[in-house]
Each structure stands twice: as C-alpha cells, then as structure tokens.
Amino acid sequence: MVGRGDTGPSSRSSSARSAGTRQIPTWDEPLAASASRVIGGPLGRHALVGRSPYWTPLRVVLLMAVVVLALAWLGKSPCLQQYRAADGSLALDWQNDRQYVAMCYSDTVPLYGVEGLADGGVPYRDAWFDTRPDGTRIERYMEYPVLTGFYQWANARFTDGWQYLAGVLPLPSALDVVVYFDISAVGLALAWLVVVWGVLRLRPDRPWDAALVALSPLVLVHAFTNFDTLAVATATGAFVALRGRRPVLAGVLIGIGGAVKLYPLLLLLPILLVGLRRRNRDALRTAVLAIGSGVSAWVLINLPVALAWFRGWTEFFDLNRTRPADPDSIWYVIMYFTGWQGFDGRLAEDQVPVVLDTVVAVLMIAAFAGIAVLALRAPRPPQVAELAFLTVAAFLLLNKVWSPQYSLWLVPLAVLALPRWRLLLAWMTVDALVWVPRMFQYVGVDAKGLPPDPFLVTVLVRDAFVVTLCVLVVRSMLRGTDDAVPPDPVWPATGMPARRPRTPVEQR
C-alpha cells in the first residue's frame, strides 16, 4: 500500500518515481490520460494505490493477456472448420482460399501433415518429400531448430493420446489436425503469459507497461501463427534470471531459447557489451557466466541430434542459407519496386543466393560493431534492453527473411527499452496490419485479391517505424546521463543481494 498524499497529476518530482513507488500511467502517459477520461479522468491526487487484496497489477495484466490470447485463437478458428467431403469423411475446410480470405492462416496446421507428424515421424530422423511443379521429389527434413521440432512432435503424440481417450471417454474431439492445433496453442499461450509476467517482474515500478505486452495487436494476430512465443518466453525469463543475479540460469534459458529459435542467442551480445562497459570484475563475471552457460546449453541440446541425425539437423541451416529474399524483407521490396534482379541476378531452381548471403552477413557484422561502439562510448552505461532491442531490430531489418511473427521478438524488448505507449501501440498496430495485404495477395488478383504493392508498402511503413524506434533508443543513449534514466531493469544492481526482499508494492 502506498499513499500518494498531496502528490497529484501535475507533480513530476523525482519522489513520484522513487524506489518502491508505482508509476501512474494516467499521470505520465498521454495515451492513458486521454483514455481515462471515458471513466472519469486520471487517478486523483489523494488516491491510495495498492489497496486491492486480489486485483493486483500482475493479475490484471495476466487477465488482459488471457482475453487477447482467447481472441487470437478465435481469429485462427475459421481455419479449424470442418466439412463433409464427397466420400462422407470429415475434412478441414480450406476451400476457396479460406485460410487467406479469413486471414486465419497458421503454419501449425499444414506442418502437421506435411512434415510427417501425423504419421508418427520423428523429427530430423525421418524425411518427407516435397514435390515440385515439374514432378520431381526433394527429400526434406524438419526445418525448425531442435526444440521447436520436438515441441511439434510431442504435441502430435499428445494428439494421438487425446484421440484415443476421446474414443473411450466422453471427451470433445475433432479432426486430428484441429486437436493438434489446440494442444499447440495451449503451450504457446502459456509461453506468452510468461512473457507478460517477466516484463512486470523486470519493471515493478512500472507494472502497467506489461499491459502493452498483454494487449499488443501483434499477439492478437501472431500468437498462434508459428511457435515464436516459446522463444520470447525463454528470452524474457533469461532477463528475469539475470536481474535476480542468476547469470548461469539466464544463460541456460538463452541457450534453450536458441534451440527453439536462434534469435535469443543474439542477446548474448548485449550482455557482453554491458559487462564490458561496467568495467568491474563482478560485471565481467556475470557476462562470462551467462555467455558460457548459454553457448554450453545450446550445444548440449543440439549435439545429440546432430550426432544421431546430422543430415536432418542441418536442414534448418541449409534452408536459411539457400532461400532467396523473402517478400517481407527490405531486399525483396527494393527488387520489386526498382526492377533490380538482386545481387545474384535471376536465380535458378535451388540456386543459392551467395552474394546476397554475403552482403547480409557483412551488413549485420557492421551493424553489431556499430552497436558495440555505441555501447562502449555512450555518455552513460547502456541498458541491456536498449542494446537487445537494437541488436534484434538490426537483425530483422537487414535479414533476407522477416516472417510476420518474428515481430513478436521485439515486443518485450521495445517495452523495456522505450516505454512510450502511444508510439509503441502505433508501431505494433501497423506491424500487425501487414498481415492483411499479405494474406490477400496470396488470393490473387484474378480471384479478387490484392497485388503485391499494398503489402510491400505496409512492409516499408513497418520498417520505418522500427527504424524510428531505433533512432529514439540511440538518442536516449547519447543524450542520457546516469541521473536522467532509471536503473537498468535487466542488469543486476551493484551489490544487490541474490534474494532481496520485495517491497509491499512489488508484492502486490
């Protein structure tokens, strides 16, 4: 319980943001202040905060997240509809491009059948075959990192078990692929709840920033598009562990995340840079332990699969090396609007874009080097979240692939690095809306779909938003001083005990 006394909306004193005091969004955030007028205006200056015995900020934002995740499932539900085929059997109703017209497409549904999961195939061991338009068949394997592959396999086996029980018990049932999607969605939803919890734990003085994560339009659209919430959860959990002075656990979680999607491994660079910038033995030790345990965890998870089924294990890396520029990437946008054939010219079937891969690699190295220089020479020590946001954003902006659900990676990082509600909601809304023209261009112009142009324009707008966020983060780092910014929400405070007692506000 914290009483605000005579402090009111007009007060901007540092005492209002002291340790153990909650940030009041309707006093500090223009968007929250405007929205609050619908229910009577900003919080009064004599209001008491933290008195509710049950509706704590954590429970409120988790409830928000549950509601959004439920709506996200409903958004995918048109792709789970069934119909009776001509032979009387039940089939999934993806007729007439339903998955695009209803904008409910999810990779989870086709992968269940395509990658042999429905037939009991073991990822990385058992191949499946891709048939080309010319009739030739190409041997393929699970195309995801190890833990994502086995997450899919485990859910397929849970599906088998559920369907067996549904045959002997009065349990609800449907097509195997529908049950598989729902089981997968439960795990993905729980993972995003971990992300919301983690952001609130990292910012106990600004608990309502976690509402941005819970209510993000990107979650509404992409929570169940692929399996990325699992990686975001491990990355956020790693930040919580690091804040709690558990660098080994933080590294292990990053390594686990890297075995789900590779992007959490990028977070080792910000941890290293902050450790170097702090210029003390404890900081360096924290960074070394986190990096060492992260790399070790990733190797230990991947090594058994690589030794047992090397060809299948390399499929993920081969796919990313050989695929051309994705329509969501800046490289494809440039080629489309300029007529340029790309660095490698017109690619033949299975031709590797060697020059493009090299250019992307060089630009990424240059970007990461620039982030390192910025981190080591900025007027104030940078925060982990700031560097993490810049690192992941640079990776996405320069990469030849930016699948729509990848934007989920940036959500908690942006909220921790730049908690400006109006700006972040604007970016997340635009980013989520990229999905609309993307789906309708697959329908085709002849079937009353859209040409590529509207989709590629929204991609450019999204990229411009992300670049703007990067510029604002860099400006904050260059203009800030040690007294002008709050403590790093991720890096452990100097001398902080391993298990410091929580304040009454944090407990609520």
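This report describes a helix pair, the nonpolar cores and one buried loop residue in a predicted model.

## Basis

Residues are numbered from 1 along each chain as its sequence is written. In this predicted model, local features need pLDDT of at least 70, side-chain atom pairs count only at pLDDT 80 or more, totals for chains, interfaces and linings use all residues, and side-chain values use heavy atoms, without hydrogens and water.

## Packing of H12 and H13

Helix H12 (residues 268-278) packs against helix H13 (residues 281-308) at an angle of about 160°, and their axes are 7 Å apart. Helices are DSSP runs of H or I with at least four residues, numbered from the N terminus. The two are therefore roughly antiparallel, a term for angles over 145 degrees.

The contact (heavy atoms within 4.5 Å) involves Leu-268, Ile-271, Leu-272, Gly-275, Leu-276 and Arg-278 of H12, together with Ala-283, Leu-284, Ala-287, Ala-290, Ile-291 and Val-295 of H13.

## Nonpolar cores

A nonpolar core is a set of buried Ala, Val, Leu, Ile, Met, Phe, Trp, Tyr and Cys residues joined through side-chain atoms within 4.5 Å; buried means under 20% relative accessible area, with a 1.4 Å probe and protein chains only. The largest such core has 124 residues, and Trp-192, Phe-224, Phe-239, Phe-389, Val-392 and Trp-427 have the most contacts inside it. Helix H7 (residues 176-202) supplies the largest share, 15 residues. Another core, of five residues, lies apart from it and includes Val-333 and Leu-456.

## Ser-216

Ser-216 is located in the loop between helix H8 (210-214) and helix H9 (217-222). Its relative accessibility is 0%, so Ser-216 counts as buried. Beyond neighbours within four places in sequence, Ser-216 contacts Val-68, Val-411 and Met-428.

Methods: Axes fitted to C-alpha atoms, helices over the stretch in contact; angles between N-to-C directions. Parallel < 35°, antiparallel > 145°, perpendicular 65-115°, else oblique. Buried < 20%, exposed > 50% of the residue type's maximum accessible area, 1.4 Å probe, protein only.
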